[in-house]
Every structure is written in C-alpha cells, then in structure tokens.
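Please open the model in your viewer and keep the sequence beside it, since this tour moves from one charged pair to the next.

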Amino acid sequence: MPTAVRSHAKINLGLHIGAPRPDGFHGLATVYQTLELYDIVTVTALPAPSTTLCLTSNDNRVPTDKCNTAWKMVTLALESLGIFAEVKIHIDKRLPVQGGLGAGSANAVAALVGLEAELGITIQPCAPSVSISLRNGWEAKRLEIAAQVGSDVPLFLIGGTVLGLDRGQQVSPLPDIEPTWCVVAVPETGVSTAQAFRDWDVLIADERLTEQSSNDRLEQLSRTYASAFAEEILEGGQGAGSSGVLSLGEDRAGPEESALVRTGILSWVGNDFERVVFPQHPSLAEIKRILAGFGTPEAALHASLSGSGSALFGLYQTRGDGEAAQARLKQQVPEIRSVLTRTLPRGAYWREMFL
Ligand code: C5P
C-alpha cells in the first residue's frame, strides 16, 4: 500500500556565512526551523530482483530523473541497505521550487521515511533530549546519506528548531520554539543558491575575511546560538515550559515577554545572504520591510530572507498580527503570494509526518 508522507518546509531563523573553503563549500552557522507548510510525497516500494525507480510530480518544474533529491536519497539508501526494490515516488508540490524553503531537501527525507515504512524499517524519531552522538547504525548512516544529497537535507531528519554547522549538514536539535505565527512571502523571482554563494565570495574578498577569522566568527556565533537557546531551558526561563519548548505564543501579554525576544536572539540573528541578494533584487528588501511593519502595533518579532531566498518570512506574536502583515503586502505589492502558517516543533513534526 502506498505511504504518504508530509514533507515540511523550513526557514532559517538566522544564517551566517564564512569564507569559501578549499572543498568549494562555505562554513555556516545557522538555525533552521521547520514550518507547518508541506508537500506530499507518496512512496510505494516492493522488494524486487533489481532496483527500478519511477518518479512523478504534479509540477513540471520538478525533475523526475536522477537529478531529483528524492531519487538520489532513495538510491543511496537502497544501496546502503543492500536491498533491491521497485520504487514509485510521487511528489505533490505545494511549496515553491527554488524558494529558500528547503522544499527539495525535505522531499528527499520524506521519500526516505516513506521507503523505510514501505520496507518495514522502523526508526525512533529524534527526541529533543537525544543527542546525535548517541545514535548509531542505520540512524547515523541515514544522516550521512542525507548530507551527501545536500547540505540542508539532514535538518529534516531532526525537525523543529535545529542548529546547522560546518556546511549546514552537521545538525543538532535545539530546544524548540513554541508554535509561532509566520507569514511566508513567495516572490516570483528565483535565486540560485550556488550563485548567491559566489556573490558572497566577491563581497567578502573586499572585506579580507580570512578562513581563520571566518571560522572564529562562526564558532563564536554557534556557541552564542546554542547557549541562547539552552539558557532558557537550563534556567527554566518563563518561556521554557515543562516541555522544554520556548514560548512565543499569543497567550503572552506582549512581545517583551516572549522567550526569543527576552533572550535577545532576535536582536542579533540575521541572514548574511541579504547582503548579496537585496542589492540585486531591491523588491525583496521592500517585501521584508513590509513584513516587518516596523513602528506599527502589529510589527513582526522578526523578518528575514529565508536561506538564499527568494522566500521571505515574518514571525508574529498573534494570528492577527500575521493577518495584518498579509493585508499590508496585499495592499502594497498585490502580485505577491503569501501564506500564513506556524512554526512546527519537533514532536509535532514527527507525529504528523504520515498522512
Ligand atoms: O549542498 P548543496 O547541494 O545544497 O549545495 C549547493 C551548492 O551551494 C554547492 O555546490 C556550493 O556551491 C554551495 N554551497 C556552499 N556552501 C554551503 C552549502 C552550499 O558554497 N555550506
């Protein structure tokens, strides 16, 4: 019987980029956050004398051959498990392609989860308290395979709020933020991630950012991220309920009481890609400004480009504040598509994975 899996989007709450490395990648310190928005990936797999793959999608921009991340993931997984199977994958696309929302990467993990269910391989989802180093065998192997498929694939094997280091593939769970209203604006403009990284290199060449100084900066940032989130839990801060989830919900009296604001994280998180993407696409900077609504009673807690874009997001204290942001967008940039959603903590991410 086919297995249908939700393939959730992510945003980058913060994203700091280092200098180019000899391996062609860039060091990163980022905080990923999964969202309620999703594509649906349906997998059918039966053991067979040799492996065959058939991939379809409702969106003709999705590659249906070995270039597809889901194809790569399933092929590597079967090779690694030493299993031959006849596999059918259908991707029902609802998220934008090339949007900075990690949709293709999430599809790869959803295809893997579907394949595992079809073949009867059970995995304990990563609980908030379980550290990566404690896991072994297949669970460690699938993280390795995910990293081979793409730098922002492994985060979807964790879900919720996730710290990403090295080239973004070295992931560890952070204490989750409570479901927070989020407006995602999806401009038509496509931004190539590889090109954005090349533009970053040109920018920092002028700033003489060496590999050493960049590593120092990223290490400092990753420590700050980890401790800013951990502090809330260890100190049992107001925001960290017994569930170990940072609170940012609409039950709070005002933004000053939300944990993310109190820890000061929102005052210094940012996305380095904005420095190269905004000058080339000034309309994206304008959308960020509208999402932020600075100076209005419904102002965002935080607004930013996600990944290298072109999607942008705003986080809001209440549903009403999110709706006000959508109304501002509709009035000032009528052609822009926007979606009101919420951030998705790790527990719900795994509970709601199967349809
Ligand atoms: O890992 P992924 O396939 O997503 O990377 C796509 C491209 O983005 C890489 O080939 C590289 O040019 C660039 N990249 C990078 N540094 C990273 C991640 C990606 O330069 N940390």
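Is R94 buried, partly exposed or exposed? Select R94 and look at its surroundings: R94 is partly exposed, with a relative accessible area of 45%, where buried means under 20% relative accessible area, exposed over 50%, and partly exposed in between (1.4 Å probe, protein chains only). Before going on, note that this is a predicted model, in which local features need pLDDT of at least 70 and side-chain atom pairs count only at pLDDT 80 or more, while totals for chains, interfaces and linings use all residues. Residues are numbered from 1 along each chain as its sequence is written, and side-chain values use heavy atoms, with hydrogens and water left out.

Now add D92, which forms a salt bridge with R94 (a side-chain nitrogen of Lys or Arg within 4 Å of a carboxyl oxygen of Asp or Glu). The closest N and O atoms of D92 and R94 are 3.6 Å apart, and D92 is partly exposed, at 23% relative accessibility.

Next, select R21 and D166, whose side chains meet in a salt bridge at 2.4 Å, N to O. This pair links distant parts of the chain, 145 residues apart, with R21 in the loop between β1 (3-20) and β2 (26-47), and D166 in the loop between β5 (161-165) and β6 (170-173); strands (E, at least two residues) and helices (H or I, at least four) are DSSP runs, numbered from the N terminus. D166 is partly exposed, with a relative accessible area of 30%.

Finally, move to helix α5 (residues 211-234), where E219 and R223 are four residues apart and therefore separated by about one helical turn. E219 forms a salt bridge with R223, with 3.3 Å between the closest N and O atoms.
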